[in-house]
Amino acid sequence: MKNNYSFFEQILHRLSVGNPLFNELSLDLEKSLYLTQAKHIQPQVIFISGFARSGTTSLLNHLVNAQVGHSLSYQDLPFLFMPNLSATWRTKKMASAPMERAHGDHILINEDSPEAIDEIFWKSQLTNSYIKERQLELHELSEEDIIEYKHFIQLHLVKSGREIYLTKNNNSILRLNSLANQSILSTRFIFTIREPYSHARSLWKQHIQFAKIHQNDAFSRAYFNSLGHHEFGLTLKSFDLGNKKLNAQLNTLDPMELDYWLVSWLNYYKYLFSQYSDKWLLVDFQDLCSNPNELMQTIKEAWELPSSFSPIKAYQAPNYKLNEVNCTADLLEGCQELYSKFKPLCLAF
């Protein structure tokens, strides 16, 4: 999240983004005024997804910086459902100097930064029906849901003058079957994966950090809830992906222990592996860090994307040593075995 919300911005965010009725009325008004001129756009949608802390934010930033397509950003809040109408009265502010985001992961953000706020649409469209007390549930989308999503995208693209829509959303796994098997939208999918031990360590670290932040900052917690961010912290909810055994473990394990995050990793990627399509692109986190330029060139060529890539500086990911934090050896071995099955499917260059 943006680090410097004023008191007025916090109030406005709570009254708008967190208000389903406001969102519904906003979209209805926006469509009545602008959908006719937006309907000629037949959007191409690139879904960027993966389990949290697997590099999806960096991948989105690289694609946006290369001008591949349009992504939602902090500038779209709080009037996410009326992008064109709000532009008639809002004066775009000069973006402030980039600051490191609250995650403490060296990713710099300001008002112009792409942000994972696409989930707000689904929370509104589905009236939070898939969000339970402790878990986020798999769900199917109706044809009407997807048509409404297409209209939402068209309205944002007519404002931006683009035809490719980039959405980074770690919750896409919950509706993957519907999104991948519909014919209303032209879609492409790119997923990220990370070596399980370092991935679990990163999630565990973020959970501890954001639990403290949420404990001391009520707006930060409300902000995460309003955006559907339940990856870690006091807003944590696990994915119910239909695996009863893993669900039972997630409901009993302590998120303050590393085993919880290894089971979460296994839960997510077991389901993704069962749904795998050779039409998708898979990216390994280590390649994204160590060889970003070669990786982006490979993505560009694979999908024949319009782009203007600038050199990207390689990043040294944290080196987490085994046995620094206790975990169950058999569990880690099971995760690593699944990871070894994914590796040959990832982009090579």
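## A tour from sheet to loops

Select strand β7 (residues 186–193): 4 bridges join it to β9, and the two run parallel. Strands here are DSSP runs of E, at least two residues long, and helices are runs of H or I, at least four, numbered from the N terminus. This is a predicted model, where local features need pLDDT of at least 70, side-chain atom pairs count only at pLDDT 80 or more, and totals for chains, interfaces and linings use all residues. Numbering starts from 1 along each chain as its sequence is written, and side-chain values use heavy atoms, leaving out hydrogens and water.

**Stop 1: the sheet.** Stay on β7 and pick Ile 193; Asp 284 in β9 stands opposite. Now show the whole open sheet: 5 strands, order β2-β6-β1-β7-β9, parallel pairing. β2 (70–71) and β9 (281–284) are at the edges with a single partner strand each, so one side of each has no neighbour in the sheet. Strands pair if DSSP finds at least two bridges between them.

**Stop 2: helix α10.** Select residues 244–252. Which residues of α10 are buried? They are Leu 246, Asn 247 and Leu 250. Look down the axis: these buried residues fall within an arc of 105°, so they line one face of the helix. The arc is taken from the directions from helix axis to C-beta atoms. On the other side, Lys 244, Lys 245 and Thr 252 are exposed. Buried means under 20% relative accessible area, exposed over 50%, partly exposed in between (1.4 Å probe, protein chains only). Add β5 (135–137), β8 (238–240) and α11 (258–275), which are among the cover over the buried residues; contact means heavy atoms within 4.5 Å. Then zoom to Asn 243, the cap at the N-terminal end of α10. Its side-chain oxygen lies 3.2 Å from the backbone nitrogen of Lys 245.

**Stop 3: the loops.** Select Pro 78, in the loop between β2 and α4 (83–87). The peptide bond from Leu 77 to Pro 78 is cis, with omega near 5°. Go to Gln 67, in the loop between α3 (56–65) and β2. Gln 67 is not a glycine, yet has a positive phi of about 60°. Finish at Thr 127, in the loop between α5 (119–125) and β5. Phi of Thr 127 is near 45°, again positive in a residue other than glycine. Is Thr 127 buried or exposed? Thr 127 is exposed, with a relative accessible area of 62%.

Technical notes
Polar contact = N/O pair within 3.5 Å; in protein donor to acceptor, adjacent residues only side chain to side chain.
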